[in-house]
Amino acid sequence: MLEFAQAEHTDRETLFVEVILPLAIAKNYTYRVPYELNDSVAIGKRAVVQFGKSKLYTAIIAGIGKQAPEKYEAKYLVEILDDKPVVTHEQLHFWYWLADYYMCNVGEVMSAALPSALKLASETKIMLNKDFPVDRTTLHDKEFLIVEALDIQPELTISDIVKLLGQKQVMPILKLLFEKNVINISEEVSERYKPRKRTFITLNPFYNDPDNRRELFSILEKKAPKQADAVLAYIKLSRQQKTISKNELIEESGAGAASIKTLIEKEVFIPEEKNVSRLYFEEEEAINNFELSEQQQEALKSVSDQFAEKDVVLLHGVTSSGKTQIYIRLIEEMIQTGRQVLYLLPEIALTTHIIERLRVYFGANIGVYHSRFNDNERVEVWQKVLNNEYKVVLGARSSVFLPFNDLGLIIVDEEHETSYKQFDPAPRYNARDAAIFLANMHAGKVLLGSATPSFESYYNARTHKYGFTELSERFGGVEMPLVEIVSIAEETKKKTIQSHFTSVLIADIQQALANKEQVILFQNRRGYAPVLMCKMCAYTPKCINCDVSLTFHKSSGKLHCHYCGYKEDSPIICPACGSTHLEYKGFGTEKVEDELSLILPDARIARMDLDTTRSRNSLQTILNNLEEKKIDILVGTQMVAKGLDFADVTVIGIINADSLLKFPDYRANERSFQMLAQVSGRAGRRGKQGKVVIQTYDPGHRVIKQVIENDYKDLYFTEMTERKSFKYPPFYRLINLDIKHKDPEVLYHQAIYLAKELRKHFGDERVIGPQAPLVSRIRNFYIQSILLKFEKDAISINKAKTVIRDTITQFQTTKLSKGSIVQPDVDPY
């Protein structure tokens, strides 16, 4: 980063700004500031700049100086968009750290960090050239249509013309019209964020006088009784609240918008348009009505004491041990000091659920930030955090990018979750690890909480890098759930299994329903059936873009690719051999829901997976219905495993544990234990002991036994011995390089070359591959992976990254690299 200072300057000085563009370019670009904008430039403000031939972008000013770039002539920046910076100095420092650590470009970090409404849309505007009359008889049909449309509407965007002509390729036509001097083309930047406005009504002060008001009523009651009702409604509402919106007045009076409009025209009412919040939970009042148990108090004291010496503390608490209540007490203490708190959660599902609990304690002090919010709402939260209006922010991983001023505490709940890791696009960051750096920047503390900590965090706690506190008992003395293992093979042999449900699971579900209790069933695969197969020739439909079989979804009646979104109709006849004997293999949540409804027709069954929670409020509706006992059985993917806390859920069924255990990944056992333990933890959280039924073909599997005994330590020590032997984290650092190309033959030679160059620097032992990953083609790009392993003590990871960057750059300068994409992923799993 070029160290530009924000120095004092005069109006006529020549200034240059270094800007961050939302693009994957290796260096920041420098622009010249027009004299009239000298006083407007500031680090952290947004500027409109031209990059390339004609494209306009929103950039963030990262530095201000007086020296022109040496290698190119600086263009003038077009416009400054903000009165004050929207990005802080601390954020810029954080962005550069993320780019450096995760081996990406700072423009990619900016793209991920800023809400899309703060990034402007560049729309090409098309207008008629009025200075040059044209003979329209010389125009082709499509050219004539465009000109005719511009007669009616002075400006059209390219997207308007695409709709008008019904085709995507419109640029050649526009190019011809431009060359004939028929049209002008200009770039215009449109600001996407529009504050939400609402009209508020006040009574003209003239009518505060009782005599004037009586005279008004006497006139209105005779000539306009609806208007009189509106005035009466205003007086009634003004006794109950400080501000009265136009909509509230219409609803209270029943007078209609026309009556209010007439009263405004008569100057009886005075309207005022104000920007208002889109966030529905602003006016809550905080209450404080719980007491910590003795063990919770000890854990809270332990965490607070360790914060005196350690920046990071790991809280290892079994499921339902009351970790959230400890978090609340720590947040309260931090708010009293005037500092901000970030509460990170791995899933939007969990965010939605827990906000209802935290609103009770923090009311308007708490903001929520995740991708389900629309653009305008995200900008609003951004501005409130920037202005220090929110003391607590609850959010998913992207909330680490918010413009905090004084961050005192970050709580990373369920810190082991893979959802904290962004896999695509860059930056491929882990929000847990990024949060530790972010807190350090603000001289704040980090609390990592989990019932099943990641091995890296547990290792750091055991080696005293982190502080460590345990909660080994469930809150309120509730017993851990009873876990029963059922052999699918055994029940299949005895013919006691119905569809995918063993007799034990069905009996427990029926008992729970008879007791007016609720059930959660877990199947870690969405859709109806993962594979459609011909019984005659074993043909399986595959995605045309990816190297994966298509999953059948009964709701759409189509075959779906879960990687690129491709869909096609489900065939009736095998396209390979012509056979009509096609059958579905395997099962997902949709099939579980469907078949369970046949076995238990009176049960109210719902499904919670990516397909049923796509719309904005669908997730909240499912959770509300579960809480209000409108759902008896909830079938779901890993969403149901994460932090849900419902009093009447007493039975948990894991339909097929083998899909977790038989995965070719060095973390498979760790992840399986975490998932099974977390799902099991949803049962019997209040009072009554819950029950968990785990269905599997391998009842003797070591991890299943460790889940039954809740023996995390045994799992940890067993796995750590293997990881040390096979050179995996936490003893080694991993960096994965994915090389992608549309031609598999070319890709193979590119990957071999790159691996050979890396081996020159790091040796054979540290460079593994290249080899094709499990899914070797996605979106028509074939993939080869190179895995690099570095000992923590023997080599500087920063120097290793520098060598990798230089090697990739050198590779990209060769002719061999043409058409390839190289994607580094630091700490990939």
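These are my notebook entries on salt bridges, strand pairing, helix packing and two buried residues in a predicted model.

**Entry 1. Salt bridges**

I began with the charged side chains, since side chains of opposite charge can pair when their charged atoms come close. My count for the model came to 32 salt bridges.

I looked first at K66, whose side chain meets that of E13 in a salt bridge, with 2.8 Å from N to O. This pair links distant parts of the chain, 53 residues apart. I placed K66 in the loop between β4 (56-65) and β5 (79-80), and E13 in the segment before β1 (15-20). K66 has a relative accessible area of 49%, and I therefore recorded it as partly exposed, the cut-off for exposed being over 50%.

I then turned to D569 and K558, which form a salt bridge with their closest N and O atoms 2.6 Å apart. Here too the pair links distant parts of the chain: D569 belongs to strand β23 (residues 567-569) and K558 to strand β22 (residues 558-560), 11 residues apart. I noted D569 as exposed, because its relative accessible area is 52% and the cut-off is over 50%. K558, at 28% relative accessibility, is partly exposed.

The third pair I examined was K591 and E595, joined by a salt bridge of 4.0 Å from N to O. Both residues lie in helix α18 (residues 589-599), four residues apart, which is about one turn of the helix. I asked whether K591 is buried or exposed. With a relative accessible area of 11%, K591 is buried. E595 is buried as well, with a relative accessible area of 16%.

I also recorded a network: E456, R667, E670 and R723 are joined into one by salt bridges that share partners.

**Entry 2. The five-stranded sheet**

I next traced an open sheet formed by five strands, and found the order to be β2-β1-β4-β3-β5 with antiparallel pairing. Which strands are at the edges? They are β2 (29-33) and β5, each of which pairs on one side only.

Within this sheet I followed strand β3 (residues 46-50), which is joined to β4 by five bridges, the two running antiparallel. On this pairing I noted that Q50 stands opposite L56 in β4.

**Entry 3. Helices α1 and α2**

I then looked at helix α1 (residues 89-101), which lies across β1 and β4 and runs at about 105° to β4.

Two packed helices are described by the angle between their axes and the distance between the axes. For α1 and helix α2 (residues 106-113), I found a packing angle of about 120° and axes 8 Å apart. That angle makes α1 oblique to α2, because the range counted as roughly perpendicular is 65 to 115 degrees and roughly antiparallel begins over 145. I recorded the crossing of α1 and α2 as right-handed.

Which residues meet where α1 and α2 pack? From α1 I listed W95, Y96, L98 and A99, and from α2 V106, V109, M110 and A113.

**Entry 4. Strand β20**

In strand β20 (residues 531-534) I checked the direction of the side chains and found that they alternate. L532 and C534 point to one face and are buried, whereas V531 and M533 point to the other and are not.

I also looked up the partner strand: β20 pairs with strand β24 (residues 582-585) in the antiparallel sense, over four bridges. Across this pairing, C534 stands opposite L582 in β24.

**Entry 5. Two buried residues in helices**

I located Y458 in helix α15 (residues 455-462). Its relative accessibility is 2%, so I noted Y458 as buried. What does Y458 contact, leaving aside its neighbours within four places in sequence? I listed L314, H316, P453, F468, Y712, K713 and Y716. One of these, L314, is 144 residues from Y458 along the chain, yet the C-alpha atoms of the two are separated by 7.6 Å.

Lastly I looked up S672, found in helix α21 (residues 668-680). At 1% relative accessibility, S672 is buried. With its neighbours within four places in sequence set aside, I recorded contacts of S672 with L660, L661 and V703.

Conventions: Residues numbered from 1 in each chain as written. Predicted model: local features only at pLDDT ≥ 70, side-chain atom pairs only at ≥ 80, totals over all residues. Heavy atoms only, no water. Buried < 20%, exposed > 50% of the residue type's maximum accessible area, 1.4 Å probe, protein only. Pairing = 2+ DSSP bridges. Contact = heavy atoms within 4.5 Å. Axes fitted to C-alpha atoms, helices over the stretch in contact; angles between N-to-C directions. Parallel < 35°, antiparallel > 145°, perpendicular 65-115°, else oblique. Left-handed = near helix turned anticlockwise from the far one by under 90°.
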